[in-house]
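Please walk through the structure shown here step by step, beginning with its metal site and moving outward to the elements around it.

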Amino acid sequence: MDKLTPSARSRNMAAIRSKGMKPEMAVRRLVHRMGFRFRLHGHGLVGKPDLVFPSRRAVVFVHGCFWHQHSSRNCKIVRVPKSNLRYWRAKLARNVERDQLNRAALRSLGWRVLVIWECSIENDRGWAKRLLKFLDLQQAFHPS
Ligand SMILES: [Zn+2]
């Protein structure tokens with residue numbers, strides 16, 4: 001049984017959400033420092049990617065491992081809640097499905113899509129290298 005009151009539960013969820021904001025800030029800070037121009041939360045785009053690089057036709061999602069159910073075996077953040085299991089399973093499965101559809105839709109419109117996972121920002125410096133490589137790729141095609 002779920003022992004949390006609804007307000008305590010929403011406080012918990014809000015805490016998880018705001019925790020999820022930090023990785024996005026880390027990514028923004030890096031690309032800003034590198035001088036890339038980008039827009040935030042592309043509202044005209046399916047899935048509202050966290051960062052949009054219009055001239056590079058590239059979008060970046062910074063995914064919280066819990067909300068987007070990171071499937072890496074190395075992920076230490078992803079989990080399934082112990083209470084309300086059926087509710088969470090369905091909700092999280094919908095998130096994963098929506099993410100897949102969003103990525104496919106963006107790619108079919110010619111966008112390149114990179115997903116950066118929350119845990120990789122905390123545990124692995126490689127994400128920054130991957131991101132810069134991803135962004136530079138298109139520059140080669142648009143030398144201006
Ligand atoms: Zn993860």
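In what follows, a donor is an N, O or S atom within 2.8 Å of the metal, and since water is not among the atoms, a site may look incomplete. The model is a predicted one, and its zinc ion has as protein donors the SG atoms of Cys 65, Cys 75 and Cys 119 together with ND1 of His 70, lying 2.0 to 2.4 Å from the ion. Because the four donor atoms subtend angles of 99 to 117° around the zinc ion, their arrangement is tetrahedral.

Along the sequence, these donor residues follow the spacing C-x4-H-x4-C-x43-C. Cys 75 and Cys 119 are 44 residues apart and link distant parts of the chain, for Cys 75 sits in the loop between strand 3 (58-63) and helix 2 (85-108), while Cys 119 belongs to helix 3 (residues 118-123). Cys 75 has a relative accessibility of 10% and therefore counts as buried, the cut-off being under 20%; Cys 119 is likewise buried, with a relative accessible area of 7%.

The elements named on the way can now be put together. Strand 3, helix 2 and strand 4 form a β-α-β unit that is right-handed, and within it strand 3 and strand 4 pair in the parallel sense over six bridges. One point of contact can be found by looking at Phe 61, whose bridge partner in strand 4 is Val 115. Strand 4 (residues 112-117) is largely enclosed by the rest of the structure, because five of its six residues are buried.

Note on methods:
Residues numbered from 1 in each chain as written. Predicted model: local features only at pLDDT ≥ 70, side-chain atom pairs only at ≥ 80, totals over all residues. Heavy atoms only, no water. Donors = N, O, S within 2.8 Å, 3.2 Å for Na, K, Ca; no water. Tetrahedral: all angles 85-135°; square planar, octahedral: opposite > 155°, others 65-115°. Helix = DSSP H or I, 4+ residues; strand = E, 2+ residues; numbered from the N terminus. Buried < 20%, exposed > 50% of the residue type's maximum accessible area, 1.4 Å probe, protein only. Pairing = 2+ DSSP bridges. Right-handed = clockwise from strand over helix to strand, strands pointing away.
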